[in-house]
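Work through the following exercises with the model open beside the text, and try each task before reading its solution.

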Amino acid sequence: MGFTQISNDGGKNEEIVPDGIKPEVSNEPVPPGAAGVLKELGQTVVPSGEPDIFCMTIIGQIEGHFVLPPHNKTTKYEHIIPQLVAAEQNKNIKGLLIILNTVGGDVEAGLAIAEMIASLSKPTVTVVIGGGHSIGVPIAVASTYSIIAESATMTIHPIRMNGLVIGVPQTFEYMERMQERMVKFVTSHSRITEAQFKDLMFKTGELNRDIGTAVGGQDAVKFGLMDEVGGIGAALAHLNRIIAGNTAVLPAGLPQGGLTQ
């Protein structure tokens with residue numbers, strides 16, 4: 001069996017193959033090895049071992065019943081809910097760490113995620129980094145314990161709608177009822193009072209061309225929205241203490257209802 005030199009026109013190096021034999025092209029998918037991990041996760045090494053804490057990220061805009069444009073960074077609630085169910089069923093998972101950095105999004109989808117987190121039987125800790133704005137506020141307070149980074153902010157504002165709006169009283173009554181759902185959820189899962197939360201929500205002059213308030217890390221703890229200012233290390237340490245049963249849910253010295261404004 002002889003070998004044939006393939007044409008080398010244009011000064012390009014070509015492959016030498018045996019006569020009558022064509023190189024095989026594999027159509028198999030990339031195995032979940034180093035190349036697959038690099039493509040999917042952007043890292044070359046996957047942490048080894050089987051940790052008992054499940055980490056979940058909620059980032060970008062929370063996508064609801066309508067698909068957002070492809071250039072938007074989104075979190076789809078139909079992806080988050082099955083993960084929460086799987087974490088609840090997995091006997092090896094003792095707790096959940098939720099990393100939150102969102103600009104808000106669909107109200108009903110955000111409330112659905114928050115209700116799912118609040119209904120888990122396993123301890124949960126949320127860390128707000130960057131921002132937990134709009135409908136991200138209920139998600140942030142839904143956990144067993146909530147931590148916010150010192151530089152993070154939480155924007156509290158009334159429910160808003162875009163697109164076609166039918167200008168009848170029933171439309172505004174529906175918006176008011178939906179807003180009350182969010183207010184009741186936040187106040188029932190945090191130490192802030194309803195009066196304090198609504199005062200932040202309807203405050204004028206705080207936001208450009210809008211009503212509402214941007215609450216920083218320290219202020220979020222003072223108002224009773226969040227439990228502590230900290231980061232990943234504090235979140236994991238507190239979650240491990242809850243799992244071990246060595247700590248109460250709320251730290252000592254924090255009054256119910258937050259601070260008066």
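## Exercise 1: a buried serine

S143 has a relative accessible area of 9% and is therefore buried. The model is a predicted one.

Task: Establish where S143 lies and which residues it touches.

Solution. Begin with the chain: S143 belongs to the loop between α4 and β7, the latter spanning residues 145–148. Next, leave out residues up to four places away in sequence, and the contacts of S143 are I98, I117, T124, V125 and T126. Finally, compare the relative accessible area with the cut-off: buried means under 20%, and S143, at 9%, counts as buried.

## Exercise 2: a serine with positive phi

Task: Describe the backbone and the surroundings of S134, and decide whether S134 is buried or exposed.

Solution. Start from the backbone, where the phi of S134 is near 55°, a positive value in a residue other than glycine. Most residues other than glycine have a negative phi. Then place the residue: S134 sits in the loop between β6 (124–132) and α4. Its relative accessibility is 18%, so S134 counts as buried. Last, look for empty space beside it: S134 is one of the residues that line the largest cavity, together with V137, T155, I156, H157, M182 and F197. The search of the whole structure finds 1 cavity of 30 Å³ or more, and the volume of the largest cavity is about 30 Å³. Its lining divides into 4 nonpolar and 3 polar residues, with no charged residue.

## Exercise 3: helix α5 and the largest pocket

Task: Determine how the span of α5 compares with the expected value, what covers its buried residues, and how many residues α5 gives to the lining of the largest pocket.

Solution. Take the geometry of the helix as the starting point: α5, residues 169–188, has 20 residues and reaches 28 Å from its first C-alpha to its last, close to the 28 Å expected at 1.5 Å a residue. Then consider burial, for which the buried residues of α5 are T171, M175, M178, Q179, M182, V183, F185, V186 and T187. The elements covering these buried residues include α3 (107–118), α4 (136–141) and α6 (194–201). M182, buried in α5, also lines the largest cavity.

Turn now to the pocket. The largest pocket holds about 830 Å³ of space, and among its 26 lining residues G105, D106, V107, R160 and N162 lie nearest its centre. At least two lining residues come from each of β3 (53–63), β5 (95–105), α3 and α5, with α5 giving the most, 4 residues. By class, the lining has 13 nonpolar, 9 polar and 4 charged residues.

How values were computed:
Residues numbered from 1 in each chain as written. Predicted model: local features only at pLDDT ≥ 70, side-chain atom pairs only at ≥ 80, totals over all residues. Heavy atoms only, no water. 1 Å grid on protein atoms, 1.4 Å probe; cavity = no way out; pocket = protein on both sides within 12 Å on 5 of 7 lines; lining within 4 Å. Points joined across faces, edges and corners; volume = space filled by probe spheres on them. Nonpolar A, V, L, I, M, F, W, Y, C, P; charged D, E, K, R; others polar. Expected span 1.5 Å × (residues − 1). Buried < 20%, exposed > 50% of the residue type's maximum accessible area, 1.4 Å probe, protein only. Contact = heavy atoms within 4.5 Å.
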